[in-house]
Amino acid sequence: SGLIYENVSFVNKMPDCKLIAYGLDFGYSLDPSACVGVYRLGDELYLQEILYEKGLTNQDLAERLKPIVGRAEVICDSSEPKSIEEMYRYGLVGCKPAVKGRDSILNGIDILKRFKINVVNSSNLKKEFRSYKWATDKYGNSLQKPVDKFNHLLDALRYVALIHLKQHNRGWYSIR
(Lines give C-alpha, C1' and ligand atoms only; values in the text may rest on other atoms or scores of the structure.)
Protein backbone atom coordinates (compact mmCIF):
# COMPACT_ATOMS: atom_id res chain seq x y z
CA SER A 1 0.00 0.00 0.00
CA GLY A 2 1.05 3.60 -0.46
CA LEU A 3 2.58 2.99 -3.88
CA ILE A 4 3.00 6.15 -5.93
CA TYR A 5 2.48 4.54 -9.34
CA GLU A 6 -0.29 2.03 -9.88
CA ASN A 7 -0.57 2.50 -13.67
CA VAL A 8 2.34 0.15 -14.49
CA SER A 9 2.55 -3.09 -16.46
CA PHE A 10 5.54 -5.29 -17.06
CA VAL A 11 5.97 -6.53 -20.63
CA ASN A 12 8.50 -8.68 -22.47
CA LYS A 13 8.67 -6.90 -25.80
CA MET A 14 9.07 -3.34 -27.05
CA PRO A 15 6.49 -2.49 -29.72
CA ASP A 16 7.27 -0.23 -32.65
CA CYS A 17 7.07 3.15 -30.93
CA LYS A 18 8.74 6.55 -30.95
CA LEU A 19 11.72 7.42 -28.75
CA ILE A 20 11.01 10.56 -26.74
CA ALA A 21 14.41 10.87 -25.02
CA TYR A 22 16.72 9.20 -22.54
CA GLY A 23 16.81 10.21 -18.89
CA LEU A 24 19.99 10.05 -16.82
CA ASP A 25 20.35 10.27 -13.04
CA PHE A 26 23.95 10.55 -11.83
CA GLY A 27 25.28 8.36 -9.05
CA TYR A 28 28.60 6.97 -7.97
CA SER A 29 29.32 5.25 -4.66
CA LEU A 30 26.08 5.08 -2.66
CA ASP A 31 23.59 5.42 -5.51
CA PRO A 32 23.83 3.95 -9.00
CA SER A 33 23.97 5.98 -12.16
CA ALA A 34 20.70 5.19 -13.92
CA CYS A 35 19.61 5.70 -17.52
CA VAL A 36 16.20 4.94 -18.99
CA GLY A 37 14.92 5.11 -22.56
CA VAL A 38 11.42 6.62 -22.74
CA TYR A 39 9.24 5.68 -25.72
CA ARG A 40 5.65 6.61 -26.52
CA LEU A 41 2.85 4.91 -28.39
CA GLY A 42 -0.40 6.88 -28.13
CA ASP A 43 -1.20 7.38 -24.44
CA GLU A 44 1.20 4.67 -23.32
CA LEU A 45 4.84 4.94 -22.34
CA TYR A 46 7.35 2.15 -22.79
CA LEU A 47 10.44 2.24 -20.61
CA GLN A 48 13.70 0.47 -21.29
CA GLU A 49 16.48 0.32 -18.71
CA ILE A 50 19.74 1.31 -20.37
CA LEU A 51 22.10 1.44 -17.40
CA TYR A 52 21.97 0.91 -13.63
CA GLU A 53 25.41 0.74 -12.03
CA LYS A 54 27.54 2.15 -9.20
CA GLY A 55 31.13 3.31 -9.40
CA LEU A 56 31.09 4.78 -12.90
CA THR A 57 32.96 7.99 -13.65
CA ASN A 58 31.51 10.40 -16.19
CA GLN A 59 33.93 9.05 -18.77
CA ASP A 60 32.80 5.47 -18.01
CA LEU A 61 29.18 6.58 -18.34
CA ALA A 62 29.80 8.27 -21.68
CA GLU A 63 31.65 5.25 -23.06
CA ARG A 64 28.81 2.92 -22.04
CA LEU A 65 26.01 5.17 -23.27
CA LYS A 66 27.46 6.52 -26.54
CA PRO A 67 26.96 3.31 -28.58
CA ILE A 68 23.36 3.03 -27.33
CA VAL A 69 22.06 6.60 -27.38
CA GLY A 70 24.19 8.03 -30.19
CA ARG A 71 23.19 11.64 -30.81
CA ALA A 72 19.76 11.32 -29.16
CA GLU A 73 18.65 13.70 -26.44
CA VAL A 74 19.69 12.73 -22.91
CA ILE A 75 17.97 14.69 -20.13
CA CYS A 76 20.30 14.72 -17.10
CA ASP A 77 20.00 15.66 -13.45
CA SER A 78 20.43 19.44 -13.51
CA SER A 79 22.03 19.48 -10.06
CA GLU A 80 25.28 18.31 -11.70
CA PRO A 81 26.12 20.84 -14.44
CA LYS A 82 29.80 19.88 -14.41
CA SER A 83 28.89 16.24 -15.10
CA ILE A 84 26.59 17.26 -17.96
CA GLU A 85 29.38 19.31 -19.52
CA GLU A 86 31.83 16.42 -19.16
CA MET A 87 29.38 13.99 -20.77
CA TYR A 88 29.03 16.42 -23.68
CA ARG A 89 32.82 16.69 -24.03
CA TYR A 90 33.10 12.87 -24.01
CA GLY A 91 30.82 12.76 -27.05
CA LEU A 92 27.27 12.57 -25.70
CA VAL A 93 26.24 15.68 -27.62
CA GLY A 94 22.54 15.30 -26.78
CA CYS A 95 23.06 15.85 -23.03
CA LYS A 96 21.07 18.69 -21.51
CA PRO A 97 19.89 19.55 -18.00
CA ALA A 98 16.45 18.70 -16.69
CA VAL A 99 14.09 21.59 -15.99
CA LYS A 100 13.07 20.99 -12.39
CA GLY A 101 11.57 24.10 -10.85
CA ARG A 102 9.34 24.35 -7.81
CA ASP A 103 7.51 21.15 -6.85
CA SER A 104 9.15 19.30 -9.73
CA ILE A 105 8.94 15.92 -8.02
CA LEU A 106 5.18 16.13 -7.50
CA ASN A 107 4.66 17.72 -10.92
CA GLY A 108 6.64 14.94 -12.58
CA ILE A 109 4.67 12.28 -10.73
CA ASP A 110 1.41 13.96 -11.76
CA ILE A 111 2.47 14.03 -15.42
CA LEU A 112 3.45 10.35 -15.38
CA LYS A 113 0.20 9.27 -13.75
CA ARG A 114 -1.64 10.42 -16.91
CA PHE A 115 -0.06 7.60 -18.90
CA LYS A 116 -0.21 3.83 -18.86
CA ILE A 117 3.38 2.83 -18.21
CA ASN A 118 4.91 -0.35 -19.61
CA VAL A 119 8.26 -1.59 -18.34
CA VAL A 120 10.16 -3.71 -20.86
CA ASN A 121 12.29 -6.47 -19.28
CA SER A 122 13.87 -4.58 -16.38
CA SER A 123 14.25 -5.98 -12.89
CA ASN A 124 15.57 -2.65 -11.53
CA LEU A 125 12.64 -0.60 -12.90
CA LYS A 126 10.25 -3.27 -11.64
CA LYS A 127 11.82 -3.07 -8.17
CA GLU A 128 11.65 0.74 -8.14
CA PHE A 129 8.00 0.88 -9.27
CA ARG A 130 7.06 -1.72 -6.65
CA SER A 131 8.98 0.06 -3.87
CA TYR A 132 8.47 3.80 -4.52
CA LYS A 133 5.98 4.94 -1.88
CA TRP A 134 4.51 8.00 -0.24
CA ALA A 135 6.08 9.04 3.07
CA THR A 136 3.82 8.72 6.10
CA ASP A 137 3.64 10.32 9.51
CA LYS A 138 3.84 8.29 12.72
CA TYR A 139 0.10 7.54 12.43
CA GLY A 140 0.41 6.13 8.92
CA ASN A 141 -1.13 9.15 7.18
CA SER A 142 0.31 10.05 3.78
CA LEU A 143 2.43 13.21 3.70
CA GLN A 144 2.04 13.54 -0.11
CA LYS A 145 5.81 13.44 -0.43
CA PRO A 146 7.68 10.43 -1.79
CA VAL A 147 10.24 8.55 0.27
CA ASP A 148 13.64 9.31 -1.29
CA LYS A 149 14.56 5.66 -1.94
CA PHE A 150 14.20 3.30 -4.89
CA ASN A 151 13.96 6.21 -7.34
CA HIS A 152 17.07 6.43 -9.51
CA LEU A 153 15.52 5.24 -12.77
CA LEU A 154 12.26 6.93 -11.77
CA ASP A 155 14.05 10.25 -11.30
CA ALA A 156 15.61 9.84 -14.76
CA LEU A 157 12.12 9.15 -16.14
CA ARG A 158 10.75 12.22 -14.39
CA TYR A 159 13.41 14.44 -16.00
CA VAL A 160 12.12 13.40 -19.43
CA ALA A 161 8.49 13.85 -18.37
CA LEU A 162 9.04 17.40 -17.12
CA ILE A 163 10.36 18.51 -20.51
CA HIS A 164 8.55 16.35 -23.05
CA LEU A 165 5.31 15.06 -21.54
CA LYS A 166 3.75 18.00 -19.71
CA GLN A 167 0.86 19.72 -21.43
CA HIS A 168 0.99 23.49 -21.49
CA ASN A 169 -2.21 25.51 -20.94
CA ARG A 170 -4.43 22.45 -20.94
CA GLY A 171 -8.19 22.98 -20.62
CA TRP A 172 -10.55 25.93 -21.03
CA TYR A 173 -9.94 29.32 -19.48
CA SER A 174 -12.24 32.22 -18.98
CA ILE A 175 -11.07 35.83 -18.72
CA ARG A 176 -13.42 38.23 -16.96
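Let's start with accessibility: a residue is buried when its relative accessible area is under 20%, exposed when over 50%, and partly exposed in between, using a 1.4 Å probe and protein chains only. By that yardstick Lys 100, with a relative accessible area of 28%, is partly exposed. Bear in mind that this is a predicted model, where local features need pLDDT of at least 70 and side-chain atom pairs count only at pLDDT 80 or more, while totals for chains, interfaces and linings use all residues. Residues are numbered from 1 along each chain as its sequence is written, and side-chain values use heavy atoms, with hydrogens and water left out.

A good place to step in is helix α2, residues 81-89. Helices (H or I, at least four residues) and strands (E, at least two) are DSSP runs, numbered from the N terminus. The buried residues of α2 are Ser 83, Ile 84 and Met 87. Looking down the axis of α2, you'd see these buried residues fall within an arc of 100°, so they line one face of the helix; the arc is taken from the directions from the helix axis to the C-beta atoms. An α-helix has 3.6 residues a turn, so residues three or four places apart point the same way. What do the buried residues of α2 pack against? Their partners are β2 (18-25), α1 (58-69), β5 (74-76) and β6 (95-97), with contact meaning heavy atoms within 4.5 Å.

Now flip to the face of α2 turned away from its buried side, which carries the exposed residues Pro 81, Lys 82 and Arg 89. At 66% relative accessibility, Arg 89 counts as exposed, and its side chain meets that of Glu 85 in a salt bridge (2.8 Å, N to O). A salt bridge here is a side-chain nitrogen of Lys or Arg within 4 Å of a carboxyl oxygen of Asp or Glu. Arg 89 and Glu 85 both lie in α2, 4 residues apart, about one turn of the helix. Following α2 comes Gly 91, with a positive phi near 110°.

A search of the whole structure turns up 8 salt bridges. One of them joins the side chains of Glu 73 and Lys 96 (2.9 Å, N to O). Glu 73 lies in the loop between α1 and β5 and Lys 96 in strand β6, so the pair ties together parts that are 23 residues apart in sequence.

Back in the loop between β5 and α2, you'll find Ser 79. The Ser 79 side chain makes a polar contact with the side chain of Asp 77 (2.9 Å); that term means a pair of N or O atoms within 3.5 Å where, within protein, one must be able to donate a hydrogen and the other to accept it, and residues adjacent in sequence count only if both atoms are side-chain atoms. Asp 77 counts as buried at 8% relative accessibility, and its side chain also meets that of Lys 100 in a salt bridge (2.6 Å, N to O).

Finally, the hydrophobic bits. A nonpolar core is a set of buried Ala, Val, Leu, Ile, Met, Phe, Trp, Tyr and Cys residues joined through side-chain atoms within 4.5 Å. The largest one has 31 residues, and those with the most contacts inside it are Tyr 5, Leu 45, Leu 47 and Phe 129. Its largest share, 8 residues, comes from α5. A second, separate core of 21 residues includes Leu 24, Leu 51, Leu 56 and Val 69.
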